[in-house]
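Dear colleague,

Please find below the structure that I am handing over to you, together with its sequence. A summary of what was found in it follows.

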Amino acid sequence: MPRRRPGRVRAEQWQRQRPTRQTAITGLSPPALAEVARVERSRNHLWPGVTAESVRVWREFARDPYGSPWGEYEDRGCGVWECCGSPFEARQFLDAVIHGMSRRRARELRLLVDRLDSSN
C-alpha cells in the first residue's frame, strides 16, 4: 500500500477555526492582548471582544467634553449593553479582565485605564 505524502495528510486534517472577533486595543503589547483573549475565553461572564468594546465605551465616556461626571450619566442611553453600552458596566468588565490577568500583563491594561480615569 503506498504511503500518503505528509502535506496531503495535513491538508486533509481538520483546521481549527480562529475566532472571528479579534481583540485589538491600541496601546497593549501582543503578549498582553493574548492574555486578554485568554481571560475572555476562560471567564463565564466575559466573551471574545468585550475588553476592546469596554475600552471603546469607557474612552468615549471619559473624553466626552460635554458629558458630566459620574452622577448624571444615568439619564443617557437605554442601559442595554448590546445597544448603547453602559460606561459603568464597561468599567466593571475592565476590572474583571485586569483581575484575571497576570500582574505583568495587567499592568499595561491598568495603565491604559488609569489614564482614561484621570482624563475624566
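**Packing of α3 and α4**

Helix α3, which covers residues 50-62, packs against helix α4, residues 87-100, at an angle of about 135°, and their axes lie 8 Å apart. That angle makes α3 oblique to α4, since it falls neither over 145 degrees, as roughly antiparallel would require, nor between 65 and 115, the range for roughly perpendicular. The crossing in which α3 passes α4 is left-handed. On the α3 side, the contact is made by V50, T51, S54, V55, V57, W58 and F61. On the α4 side, P87, F88, A90, R91, F93, L94 and V97 take part. Sorted by class, the residues in this contact of α3 with α4 are eleven nonpolar, two polar and one charged.

Please note that the model is a predicted one, and every value in this message was computed from it.

**The protein as a whole**

The protein contains five helices and zero strands, so that reading from the N terminus its elements run α-α-α-α-α. It has 120 residues, of which 33% count as buried. Its accessible surface comes to about 8,700 Å², and carbon and sulfur atoms hold 50% of that area. Among the contacts with a separation of 6 or more, 64% are accounted for by residues 24 or more positions apart.

**Packing of α4 and α5**

Helix α4 also packs with α5, at an angle of about 155° and with the two axes 10 Å apart. Because angles over 145 degrees count as roughly antiparallel, α4 and α5 are roughly antiparallel to each other. Here too the crossing is left-handed, with α4 passing α5. The residues of α4 that make the contact are R91, L94, V97 and I98, and those of α5 are A106, L109, R110, V113 and D117. By class, the contact of α4 with α5 has six nonpolar, no polar and three charged residues.

One residue of helix α4 may be singled out, namely D95. Its relative accessibility is 30%, and D95 therefore counts as partly exposed. The C-alpha atoms of D95 and L109 are 9.6 Å apart, and the two residues are 14 positions apart in sequence.

**Packing of α3 and α5**

The third pair to report is α3 and α5, whose axes come within 8 Å and cross at roughly 20°. As angles under 35 degrees count as roughly parallel, α3 and α5 are roughly parallel to each other. The crossing of α3 past α5 is left-handed. From α3, the contact draws on T51, V55, W58, R59 and A62. From α5, it draws on L109, L112, V113, L116, D117 and S119. These residues of the contact of α3 with α5 divide into seven nonpolar, two polar and two charged.

Helix α5 spans residues 103-119 and includes L111. With a relative accessibility of 45%, L111 counts as partly exposed. L111 and L28 are 83 residues apart along the chain, while their C-alpha atoms are separated by 9.8 Å.

**Residues in two contacts**

Some residues recur in the lists above. In α3, W58 takes part in the contact with α4 and in the contact with α5. In α4, R91 belongs to the contact with α3 and to the contact with α5. In α5, L109 belongs to the contact with α4 and to the contact with α3.

With kind regards

Key: Residues are numbered from 1 along each chain as its sequence is written. This is a predicted model: local features need pLDDT of at least 70, side-chain atom pairs count only at pLDDT 80 or more; totals for chains, interfaces and linings use all residues. Side-chain values use heavy atoms; hydrogens and water are left out. Axes are lines fitted to C-alpha atoms, for helices over the stretch in contact, and angles run from 0 to 180 degrees between N-to-C directions. Helices (H or I, at least four residues) and strands (E, at least two) are DSSP runs, numbered from the N terminus. A crossing is left-handed if the near helix is turned anticlockwise from the far one by less than a right angle, and right-handed if clockwise. Contact means heavy atoms within 4.5 Å. Ala, Val, Leu, Ile, Met, Phe, Trp, Tyr, Cys and Pro count as nonpolar, Asp, Glu, Lys and Arg as charged, and the others, Gly among them, as polar. Buried means under 20% relative accessible area, exposed over 50%, partly exposed in between (1.4 Å probe, protein chains only). Accessible areas come from the Shrake-Rupley method with a 1.4 Å probe; for residues, only the protein chains shown count as cover.
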